[in-house]
Each structure stands twice: as C-alpha cells, then as structure tokens.
Amino acid sequence: MTAPEVMRLGPARLTAGLDQHVRLGLEDHRTAHGPLPRYDREELLALVERLDMRGRGGAAFPFARKARAVLATADRTGQRPVIVVNATEGEPACAKDRMLLARTPHLILDGACLAAEAFGAEEIIVGVSVGGPGEVAVPRAVDERLRKGAKSMLPCPIRTVCLPERFVAGESSALIRGVTGLPAVPSVRKARASDGGTAGVRGRPTLLSNAETFAQLAIAGRLGPDAYAVVGTPAEPGTLLLTLTRTGLPPLVVEVPAGAPMGVVLDTCGIPPGQGLLVGGYHGAWLRPADAAHTPLSRAGLAAVGGTLGAGAIASLPDDTCPIGEVARIAGWLAAQSAGQCGPCRLGLPNTADALSQLAIGGGGSSALDEARRTISSTRGRGACAHPDGTARFVLSALTVFAEDLALHETGRGCGRPVKGLLPLPGETASAVPAGEAEATLEVDWSRCDGHGLCAAVAPELVALGPHGYPVIGTTPIAPWLEHSARRAVSQCPALALRLKHRQ
C-alpha cells in the first residue's frame, strides 16, 4: 500500500522528518522528535487540561475528561485501565491515520505509552483495519523497540487487533466489541468505556481515543503546554492533520496550524473550491465556496458557518460533475454501511438514499425531494449510534448548498452533468468489501412479476408495494445485514421474478 503524500504549512510537528524519510524507523524517529519525557498521573492530566486537548476522530471529546473518568473507575474498582488506540479509519475521505501508521507509527506508540505509564495501564491495544498499513506497521514498530534495546519504552504489553474496514467499525463501542472478539458493530446499550463492565475491554475501565490524538499527546508531552500553544489559536492550540481529496490523484495529508484560513490552504495545495466543499468527511457538512474561503480551520471557525471539523477531511466538488448524483452515491454507501440495529438505519437511511437516487436521474420530482427531506430528518436523534445523525448532516447540508442544482432535478430535467464519482469510496481506494464479496441489488423481471406482494412481506426494508400492488425496489446496494432477507425474498417469489444482481 502506497504511503500517503504529506505537506505542511507552518511548523512540522506530526510530520517532522517526513520530508527526508518515507517511514521513520525508531532511530529516525528519535532524531526527528527527541526523547520522550516521563509524566506522572497528575502532570499528564494537567497538560491535557491546560491545552484542552480533544479527540481527533470526529467527536472532539475532551481527552482530560475521558481520562479522569477512566481513572475514577480504576481507583474505585482497583482495576488497571486499558488504553485503546482507534486507528481503524473507516472514513473513505480520510487518510491522516493511515499516513501516521504507514510513515510515523512510533509517534502514535509514544502517545499511547505516555498515557499508559502515567495512568498505570495494564495493556495497550491498537485497533487497525484488515489490509491497512497498521496491520504490519504497528507490530513492526513494537518489534523495533524490543530489538533495539528500547524495552523501557514499552510500559505494558502492546497488541494489534485487526477489524473489518467498515464505516461503523470505528465507533467507540463497535471498536471495543471488535477487540474483544464480538462483531464490530455499535452497542445498542448506552454505556461508557470509562466505566468498564460490559462497555470496557475485559470489563476494565478503558481509555479510547483516535490515533492522531495519541500522536498529538506525544508532541505535547515533548514540547510542554507553552511551546505547544505557540501555533494555532488561543482556544485551539497546536496543529491539525487534514486530508484533501484531489481529482485524479491520491489524497494529500497536510499539517496546518489550527485556525489557518481554508481558502489559503486549498490555494497553496492547488485545489480549486469548485461548486461546494465537504468538510469533516461523510459525517460532515457541505459549505458554499464563498462561505468557506475565509473560514478558519478550527472547531469554532467551522461551527460559525454551519460546518464541523470532524475527522479533518476536506473534499472540493468540481464543477463538471452532478452534485445531487454525488450526494446520492455517498448516501447509498452510508446506508449500506450501517449496522442495521435501529429503525433510522434499517429504514430511514435506505429510503433517503433511494429518494436521492431518483432525484439524481431526473425522476420523482418534488415528491422524491420531500421524501428525502422527511426521511433523513426523521432519523436525527433516534439512532442507536451517531451514524444516522452524521448522515443527516451530510444530506441536509447538501440540499441547502446545492439548492440551485436541486431545483433543476426537481423539474425532472436534471442538470445535464454526468456523475463522475469524484468523492472517494472503498473499492476505488482501499476496499471495505472483503475479497470475493460484491455489492448486490434486487431486480425484478417484469415479464414474470404477477404482483403477489410476498416479497414486500418477506423483506419490508427492501421492497414496498406501489399503488397497483407491484413491488417498488430501491437502487442502492443491499446492506450486508439485509442480504439474508433479500435471498429469502428471491427464493420465495412464486413467479420467480426476483433476482439478486452482483457487481464487484
């Protein structure tokens, strides 16, 4: 797997040494970053609290608050905590964690070890995606430390756990389930990993955070709070890792000071603003180019224009592709990526994707638009995890930013532009579909269909009955958790009119 290309605007912190090395081995890492200081529990908590360090996986939860909750449980129960590094990165528009794993893995391990030593952790677990760079890079980095006499740099055992590369596998409860051998899907029971019990690894209080968060902790630990805060904004000190999607080129990972103007970053990287900018990834929000040009790249700056920093992914949509088609394409993928454990995911997301697909091809008109708005709005705040909320933010912001194009599609004429598939999806980058599997859709042979309606009873999430009793089937791929229902519908159709169509 090719290591992502890196740029920096401003001081090199997370990217230090990467202008000279494709990968920083242990000795190169020590040369670039220097020795790692040791912190006790209170010193490390004071450091992250003073910097208001936040998680870099998308939720931006305060690291200090999470750590204090873990330690409170550890003190109460007498159990040593477990440190979990979330390096799964199931977000197709993101490559920053993949870059850290492939090119500077020791920085991630430094941050995890810093926390493990200060908090008396029993174990460090690094969760990575099957087939991704972390599967090899993390064990290799641990082995380097053991072989080169740096065992003292490992305060506790470190192991790597490989998880399926699916969007929801990176959700915190899904990751913990995955590393304990359960299916990597979000838990329907609301519980905090910091409390241990069924929500933690082996029942222990668990401190889980994103790979970049631990890399930032390693930088802050070396620099101290004052030097760390020299760049960035007073409220959000330090640097950010961003992933910029480039048309026809691999993604670019850029380190910038927090608060840098988005327009300056895009211009320096040679990326035009296009007809809209998606910031925060596929759980992020669309912004108009004019609104985004001078927007500071910070949590507060993006929130002021209705955006979110999320996982730091930025995608510019070129003028020569159909925006509604691109949005429908991603909405269909997000619907298929859900765990299917709640109504919003089982019904709301697929119905929204189908309505958007109809709009994109010039069908459905205002009724399809109304259906898309109604169904996606009804998912907000009702899911077992944040997947429906994030998808709703992505879709609803698109319907606002691309309102002019949407008006053309609502008339049934469409915008006349092709859907070029410029927003990255697995299979076009690193596949999230296991080898040998294919996306599938249900199709009807209308020469055979007699309108029995049994298919709608067997697979109501996939098939509805139209006004004359004939099946109405969406065009989006069937989610893995619905394949059994789809196969039952095919096998039980009295007229043998249903079939599954696979495509790689």
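Student: How is the expected span of a helix defined, and what span does helix H15 reach from its first C-alpha to its last in this predicted model?

Tutor: The expected span of a helix is 1.5 Å times one less than its number of residues. Helix H15, covering residues 387-401, has 15 residues, and the expectation for it is 21 Å. The computed distance from its first C-alpha to its last is close to that expectation, at 21 Å.

Student: Is helix H15 largely enclosed or not enclosed by the rest of the structure?

Tutor: A residue is taken as buried when its relative accessible area is under 20%. Among the buried residues of H15 are His387, Gly390, Phe394, Ala398 and Val401, and they pack against elements that include strand S8 (276-279), helix H12 (323-337) and helix H16 (403-410). Because eleven of its 15 residues are buried, H15 is, with respect to the rest of the structure, largely enclosed.

Student: What is the phi of Asp52, and is this residue buried or partly exposed?

Tutor: Asp52 belongs to the loop between helix H2 (41-50) and helix H3 (63-77). Although Asp52 is not a glycine, its phi is positive, at about 50°. With a relative accessible area of 30%, Asp52 is partly exposed.

Student: Where does Leu496 lie, and is it buried or exposed?

Tutor: Leu496 is found in the loop between helix H18 (483-492) and strand S14 (498-503), and its phi is near 55°, a positive value in a residue other than glycine. The cut-off for an exposed residue is a relative accessible area over 50%. Because the relative accessible area of Leu496 is 55%, this residue is exposed.

Terms used. Residues are numbered from 1 along each chain as its sequence is written. This is a predicted model: local features need pLDDT of at least 70, side-chain atom pairs count only at pLDDT 80 or more; totals for chains, interfaces and linings use all residues. Side-chain values use heavy atoms; hydrogens and water are left out. Helices (H or I, at least four residues) and strands (E, at least two) are DSSP runs, numbered from the N terminus. Buried means under 20% relative accessible area, exposed over 50%, partly exposed in between (1.4 Å probe, protein chains only). Contact means heavy atoms within 4.5 Å.
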